[in-house]
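Open the model in your viewer and keep the selection panel handy. We'll go stop by stop, picking something and then looking at what surrounds it.

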Amino acid sequence: MNAAGLNLLRAALLPLLLTAAQAGGAPEPAWIGRAVDVPATPLCRAMRCTLHTVRENTPDTLGGQDGQQRTYRTASGWQLEVDVRPGGQVSGARLLRPGAPRGTRLTDAQTREAAAFLTALTGRGFRPQAVQDCLTAGLAAQDRDFDAYGPNEPLSRWSTPAGWPFRARCGVAGAGPLGVWAGWMQG
């Protein structure tokens, strides 16, 4: 099979691989709070993540001043940014479509990928329709306020047993890149 045929096959199979946990299969353990080899996760293997950059955090870094931000690219054009604490634990991550023009909507396949990412990152179940609803609310907010980046309400909010607040959010292209993210201190 040539490279084009293989890419077509991967594109056809990716939604099946990504939605197994959402269809009642055993999900992978949440990335947040664990040391995770991101490229070795089922999600990143399915999306073909490759490490692009590693940036050491500084005192000027928003959020954690220690640790790193590791940026991966996927075969389907996503940029995955993962915040990693000094012990290797993931504290948050973003799945973004940099360069998408204002008003861009995700395709059905991209929406499934975004929901699968949030599920893998948080260990909480996210449905593609919830992601789409969040982005639709974000576009409506942007219609009212040119500088809006997304809806006021997060996709999900929860706290750890120790009381640490976590949020999952979405953003629309314009004031920032199109995508979804989750982690500690997400507003």
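Which residues does Q69 touch, not counting residues up to four places away in sequence? Select Q69 and show its surroundings: you should find T53, V54, R55, N57, E81, V82, D83 and R94. Q69 sits in strand β2. With a relative accessibility of 13%, Q69 counts as buried, because the cut-off for that is under 20%.

Before going further, colour by confidence, since this is a predicted model. Mean pLDDT for the chain is 84, and 81% of its residues reach 70 or more. Now pick residues 3-24: pLDDT stays under 50 there, and the model has 24 contacts beyond four places in sequence for this stretch. Where pLDDT is low, the predicted coordinates should not be read in detail. Hide that stretch if it gets in your way.

Next, select residues 68-73 and 79-84, which are β2 and β3. The two run antiparallel and are joined by six bridges. For a landmark on this pairing, find T71, which stands opposite E81 in β3. Five residues separate the strands of this hairpin, and G77 in the turn has a positive phi of about 95°.

Stay with β3 and add β4, residues 90-97. Here too, six bridges join the strands, and the direction is antiparallel. The landmark this time is V82, opposite A93 in β4. β3 and β4 also form a hairpin with five residues between them, and the turn holds G88, with a positive phi of about 95°. While β3 is selected, colour by accessibility: the strand is mostly covered, with five of its six residues buried.

Now zoom out to the whole sheet. How many strands form it, and in what order? There are seven, in an open sheet that reads β1-β2-β3-β4-β7-β6-β5, with antiparallel pairing. β1 (50-56) and β5 (156-159) are the edge strands, each with a single partner, so one side of each has no neighbour in the sheet. On average, neighbouring strands are turned by 15° against each other, direction ignored.

Go to the β5 edge and add β6, residues 165-171. Four bridges pair β5 with β6 in the antiparallel sense. Pick W158 and look across to F166 in β6, which stands opposite.

Then bring in α3, residues 108-122. This helix lies across β3, β4, β5, β6 and β7 (178-184), and runs at about 175° to β4.

Keep α3 and add α4, residues 128-144. How do the two helices cross? Their axes come within 8 Å and cross at roughly 105°, so α3 and α4 are roughly perpendicular to each other. To see the contact, show side chains for T111, R112, A114, A115 and L118 of α3, together with P128, V131 and Q132 of α4. By class, that contact has five nonpolar, two polar and one charged residues.

Last stop: R48, in the loop between α2 (42-47) and β1. What is odd about the backbone here? R48 has a positive phi of about 55° although it is not a glycine. Most residues other than glycine have a negative phi. At 33% relative accessibility, R48 counts as partly exposed.

Technical notes
Residues numbered from 1 in each chain as written. Predicted model: local features only at pLDDT ≥ 70, side-chain atom pairs only at ≥ 80, totals over all residues. Heavy atoms only, no water. Buried < 20%, exposed > 50% of the residue type's maximum accessible area, 1.4 Å probe, protein only. Pairing = 2+ DSSP bridges. pLDDT = per-residue confidence, 0-100. Contact = heavy atoms within 4.5 Å. Axes fitted to C-alpha atoms, helices over the stretch in contact; angles between N-to-C directions. Parallel < 35°, antiparallel > 145°, perpendicular 65-115°, else oblique. Nonpolar A, V, L, I, M, F, W, Y, C, P; charged D, E, K, R; others polar.
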